[in-house]
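Let's take a friendly walk through a protein model. Have the 3D view ready, and turn it as you read.

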Amino acid sequence: MLTRTSSQSLAEQLSARFAQRIRDRLLAPGARLPSVRQCAQQQGVSCSTVVAAYDQLLAQGMVEARKNRGFFVRESRAEMATIQRFPGRESRTTGAETAGPPSRGHAPIEATALIRGMFHQVSSKPQPGMGVFPPEWLESSFMPAAVRKVTSTRALQDFSLRYGEPLGDSSLRRVLSKKLATLSVHAAPEHIITTVGATHALDIVSRTLLRPGDHVMVEDPGWAVEFARLAAMGMRLLPVPRGPEGPQLDVMARYCEVHSPKLYVSVSVLHNPTGYCLSPGSAHRVLQLANQHDFHIVEDDTYSHIAPEHATRLCALDGLQRTIHVSGIAKILAPNWRVGFLAAHPSLVERLLDTKLLSTLTTPALLEKALALCIEQGQLRRHAERIRTRLDAARSRTVKLALHAGCRFAAEPAGLFGWVDTGVDTDALTQRMLDEGYLLAPGALFHAQRKPSTLMRINFATTQDAAFWRKYSGIVRNM
């Protein structure tokens, strides 16, 4: 909050606040700042103070004034050069693409704000926009014990003085093969490749199967970081509306006929941000389209550890013929361990492995061996069960608080995330809540083509705080 007891003037404090948000991408290039009058009301200062603050931002080259329109975050020359070099990044249409100039979008910049928020929290308060469990939920004694066991003097000498296995630690790949079999996904250890987290696995798949300018079907709403990553590689995104049963199949069919996409990226189980799970009927039709139109499917199963039993997975139905299974343990065990993996058809493994070797050489055997021990001894399974029980209770409490605050759930609450309709512009709401120390995940971030939204994604584990909902209600009433 702005304070009159600070050594800085109110204008300097306000200018510094906006400058930090611009640097952290919480205000994206092209974003409009609040009007002078609106900002003065929100911050409890005079209009002259706001004008002085905006003048300082102008002097620093962080914003620009547009006649009769207001103040906007300035785009850097580097960003403009990138857009000109990769025009495919601008094309994010909600239907079949048509000829003509593409619309501008800023998702590659804005998506990083959520990532930055994971590392530099805006305050010590629970953060509703976070994509992970709170650290205290993940505390355990078995992880340090596993690391100590695999780093005994003899073991450490065996694997730390040379590069690890190209595919990844063999003991981990063996237990992962058995674990996948319990999900009806059958992959031999030699058809599994370990990675530095699930995001790295997705990147390996994209760099192996795609070239700049290729069309990729993505679920909409979907994972903001995946949109940004693919767009940064020069791919042309084809957003497929995602519903409770699965993707909108007529849209997928039309894309296949017009654009010949190379890849479809899907979160079949506990979809982010809606929590939807794919139905068997939709799954079979998606696989029919893949076979008919010759595209691959990468299935991100990041939330498998908290998923309902017997959930439908494309990889299980397809037998890894056209599908590639991707998952990791960061969400459920330890975000900093960054251990992920992919499982693929034998004909793809060598190509995928080449891409891995070019990006990271090998992956850290120490953590992979420790994780194998945790899985083999049943510790990861029991840990996941405890997390699921705690999450169920948190979800129940959060749903009651959200409904009492006037929210409506756009999707049946499930998994870690809730897809909530606030009734107000959540981009504007996000900026207001930042002033109170809360980072939100506005709905616009989860669309391939950024557009105003009244939706936001909440983390059930971090929105149990009644104080947050009281503050939220007060701000929404005044918007």
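## A first residue to find

Is Ser177 buried or exposed? With a relative accessible area of 14%, Ser177 is buried, because buried means under 20%. Keep in mind as you look that this is a predicted model.

Ser177 sits in helix 9, which spans residues 170–181. If we set aside the neighbours within four places in sequence, Ser177 is in contact with Ala187, Ala188, Pro189 and Ile192. Helix 9 itself lies across strand 3, strand 8 and strand 9, and runs at about 115 degrees to strand 3.

## The sheet of seven strands

Those strands belong to an open sheet of 7 strands, in the order 3-9-8-7-6-4-5, with mixed pairing. At the edges stand strand 3 (192–195) and strand 5 (236–241). Each has a single partner strand, so one side of each is left without a neighbour in the sheet. From one strand to the next, the twist averages 20 degrees.

What does "mixed" look like here? Strands of a sheet pair through backbone hydrogen bonds, either parallel or antiparallel. Strand 6 and strand 7 are joined in the parallel sense over 4 bridges, and Ser266 stands opposite Glu299 in strand 7. Strand 7 (residues 296–300) also pairs with strand 8 in the parallel sense, over 4 bridges; here the partner of Ile297 is Thr323 in strand 8. Strand 8 and strand 9 (residues 340–343), however, pair in the antiparallel sense over 4 bridges, and Ser327 has Phe341 of strand 9 as its bridge partner.

## Strand 8, an enclosed strand

Why is strand 8 (residues 323–328) described as largely enclosed by the rest of the structure? The reason is that 6 of its 6 residues are buried. Thr323, His325 and Ser327 point one way from the strand, while Ile324, Val326 and Gly328 point the other way. Residues on both sides are buried.

## Two helices side by side

Next, find helix 12, which packs on the sheet and touches strand 4, strand 5 and strand 6. The direction of helix 12 makes about 155 degrees with that of strand 5.

Two packed helices are described by the angle between their axes and the distance between the axes. For helix 12 (residues 249–259) and helix 13 (residues 280–293), the axes come within 11 Å and cross at roughly 5 degrees. The two helices are therefore roughly parallel to each other. Helix 12 brings Leu249, Met252, Ala253, Cys256 and Glu257 to the contact, and helix 13 brings Ser282, Arg285, Val286, Leu289 and His293. Sorted by class, this contact has 6 nonpolar, 2 polar and 2 charged residues.

## Helix 17 and its surroundings

Helix 17 (residues 379–404) has 26 residues. From first C-alpha to last it reaches 38 Å, close to the 38 Å expected at 1.5 Å a residue. Its buried residues include Leu380, His383, Ala384, Ile387, Leu391 and Ala394. An α-helix has 3.6 residues a turn, so residues three or four places apart point the same way. Try tracing the buried residues of helix 17 with that in mind.

What covers the buried residues of helix 17? Among the elements that do so are helix 6 (135–138), helix 7 (142–150), helix 16 (365–376) and helix 19 (466–477), together with strand 10 (408–409) and strand 13 (455–459). Just after helix 17, Gly406 takes a positive phi of about 95 degrees.

## A sheet of four strands

Strand 10 also takes part in an open sheet of 4 strands, with the order 10-11-13-12 and antiparallel pairing. Strand 10 and strand 12 (441–442) stand at the edges, each with a single partner strand, so one side of each lacks a neighbour in the sheet. Strand 10 is joined to strand 11 (residues 417–421) by 2 bridges, with Asp421 in strand 11 as the bridge partner of Arg408.

## Special spots in the loops

Finally, look at some loops. A cis peptide bond joins Asp220 and Pro221, with omega of about 5 degrees; Pro221 lies in the loop between strand 4 (215–220) and helix 11 (224–232). Another cis peptide bond joins Asn272 and Pro273, with omega of about 20 degrees.

Arg338 is not a glycine, yet it has a positive phi of about 50 degrees. Arg338 lies in the loop between strand 8 and strand 9 and is partly exposed, with a relative accessible area of 31%.

How values were computed: Residues are numbered from 1 along each chain as its sequence is written. This is a predicted model: local features need pLDDT of at least 70, side-chain atom pairs count only at pLDDT 80 or more; totals for chains, interfaces and linings use all residues. Side-chain values use heavy atoms; hydrogens and water are left out. Buried means under 20% relative accessible area, exposed over 50%, partly exposed in between (1.4 Å probe, protein chains only). Two strands pair if DSSP finds at least two bridges between them. Axes are lines fitted to C-alpha atoms, for helices over the stretch in contact, and angles run from 0 to 180 degrees between N-to-C directions. Angles under 35 degrees count as roughly parallel, over 145 as roughly antiparallel, 65 to 115 as roughly perpendicular and the rest as oblique. Contact means heavy atoms within 4.5 Å. Ala, Val, Leu, Ile, Met, Phe, Trp, Tyr, Cys and Pro count as nonpolar, Asp, Glu, Lys and Arg as charged, and the others, Gly among them, as polar. The expected span of a helix is 1.5 Å times one less than its number of residues.
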